[in-house]
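Open your viewer, load the model and keep the selection box handy. We will go stop by stop, with something to pick at each one.

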Amino acid sequence: MIGFQLTDEQTRLREKARKFALEEVLPVSSHYDQNGEFPREVIEKAHKLGLMNLGIPTEYGGPGKSSLDSVLVVEEMAAACAGMTTSIYVNDLGAAPIVIGGSKAQKEKWLPFLTKELRLASFATSEPGMGSDVAGIKTTCERDGDHYILNGNKFWITNGNFADLYVIFARLKGTKRHEGLCAFIVPRDTEGLSTGKPLKKLGHRASDTAAIILRNARVPAENLLGGEGIGFMLAMMTFVYTRPAIGAMATGLARSAMEYAINYAKQREAFEHTISSFQAIQEMIADMYARIEAMRLLTWRAAWLVDQQADQHTSNVASSCAKLVGAEDAMRIVTDALQIYGGKGYLEQYPIQKLFRDAKLYQIYEGTSQIQRYVISRFLFKQYQPLMQGF
Ligand SMILES: Cc1cc2nc3c(=O)[nH]c(=O)nc-3n(C[C@H](O)[C@H](O)[C@H](O)COP(=O)(O)OP(=O)(O)OC[C@H]3O[C@@H](n4cnc5c(N)ncnc54)[C@H](O)[C@@H]3O)c2cc1C
């Protein structure tokens, strides 16, 4: 039995997210893109409406939404502004290691901290010298009585300058690769923690990206998530949960690119016809729609598998497929949409260039497209069982 019918509650949630995207995000998306300001006011509205911290269970004050609910919400938001959606959704990325690997006491302390009022969370694995290779983290942690001492630099951290809480990954001194990685809940006011200047970016300018500097930062041992050496697994489990959402954001952005392209093609004339009458343009638009449909199905399935608590391999590969196809197709669709705008697509005053700049990040963060292919191919060569006899 398979069904694609949303429940009434999910339909209402999607409508609420669409209304928020149309009324609160879209009208200011160009402003925040041009000024690079942090969109706190918009994030505050998302928080008030229950469109943030989606995966935090209700018992800890969150909306307690399923993974499928979350992809419905972020597709709508990203159709209005990718950068603001990242700024809003990163709280889920920051909270996920606590939801997945936190003790009851840690959940009771830190999840309501994020939900009671607007507080921001960041997730920090990446460093100046590594991003894809999570097992290559160089930031160290060392036990000192009832604390750990953290030293190192994190880089690329979304909402880094504004976060009230960070989940920071570090390795036990003297350990190598995956074995010694640990994850810590680190409050903003931790002595020895500071942040760098906001990094100037090609796109996603409505999201803050910053370095985190840790100099003998003392973190209570009770803030260690899941025990020593659990960090790598926790990071990977977090990505299984969050990658479908990136696929959904890519779907939302691509959908808007297609809608802009259709609208423009219907108006623009060349050779005494609207360009929508040319088969070359029609084919581009038809391909966009077909790909968007496929992107959405992949994200829904990946999110559904997370909700079903499917086995790790199945879920991991489905999440990587959703993110890979979402990111690659969004880039292709927005490139074609810009092409349909012709020279105007290249001008700042038209919206397509923003979508083009924003889309690129989906191929990079939360694991590059090459890393998603690595995850998928590793499964195919190691676990996949051929379905036909005799090969
Ligand atoms: C705007 C922005 C926001 C971000 N937010 C966060 C955040 O909140 N938290 C966080 O921790 N990180 C964040 N990141 C970091 C992001 O996850 C990394 O940039 C990404 O994982 C790639 O790492 P890297 O930049 O070090 O590239 P590298 O890992 O150095 O990769 C360079 C190139 O080599 C390829 N490559 C690497 N390894 C392989 C391999 N095994 N096989 C094939 N190709 C390979 C990559 O695909 C890429 O093309 C953010 C990045 C950006 C740009």
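How many bridges join strand 5 to strand 8? Keep that in mind while you get your bearings; please note that this is a predicted model.

**Stop 1: strand 5 and its partners**

Select residues 181-187, which make up strand 5. Now add residues 224-225, and you have strand 8 alongside: two bridges join it to strand 5, and the two strands run antiparallel. To find the pairing by eye, look for Ala183, which stands opposite Leu225 in strand 8.

Next, add residues 165-172, which form strand 4. Strand 4 also pairs with strand 5 in the antiparallel sense, here over seven bridges. A handy marker is Ala170, which has Cys182 of strand 5 opposite.

Why is strand 5 largely enclosed by the rest of the structure? Six of its seven residues are buried, so the strand is largely surrounded.

**Stop 2: the domains**

Colour the chain by its domain assignment: 8-115 is domain 1, 121-229 is domain 2 and 232-382 is domain 3. Between domain 2 and domain 3, the centres, taken over C-alpha atoms, lie 30 Å apart. Where these two domains touch, domain 2 supplies 13 residues and domain 3 supplies nine. On the domain 2 side, the residues that touch domain 3 comprise seven nonpolar, six polar and no charged ones.

**Stop 3: the ligand**

Now centre on the ligand and show what surrounds it: 23 residues, of which the closest are Ser126, Gly131, Ser132, Thr368 and Gln370. The elements giving two or more residues to this shell are strand 1 (121-124), strand 3 (147-158) and helix 10 (369-382). With your domain colours still on, check the shell again: domain 2 and domain 3 each contribute at least three residues. Colouring by residue class instead should give you 10 nonpolar, 11 polar and two charged residues in the shell.

**Stop 4: the nonpolar core**

Finish with the largest nonpolar core, a set of 122 residues. The residues with the most contacts inside this core are Phe184, Leu253, Ala254, Ala257, Val334 and Ala337. Which helix gives the most to the core? Select residues 231-267: that is helix 6, and 19 of its residues belong to the core.

For a last close-up, centre on Leu253. Setting aside neighbours within four places in sequence, Leu253 is in contact with Ala78, Ala79, Ala82, Ala330, Val334, Leu355, Asp358 and Ala359.

Methods. Residues numbered from 1 in each chain as written. Predicted model: local features only at pLDDT ≥ 70, side-chain atom pairs only at ≥ 80, totals over all residues. Near = placed C-beta within 6 Å. Helix = DSSP H or I, 4+ residues; strand = E, 2+ residues; numbered from the N terminus. Nonpolar A, V, L, I, M, F, W, Y, C, P; charged D, E, K, R; others polar. Domains from an automatic or database assignment. Core = buried A, V, L, I, M, F, W, Y, C linked by C-beta atoms within 7 Å. Buried ≥ 20, exposed ≤ 12 C-beta atoms within 10 Å, placed from the backbone. Contact = placed C-beta atoms within 7 Å. Pairing = 2+ DSSP bridges.
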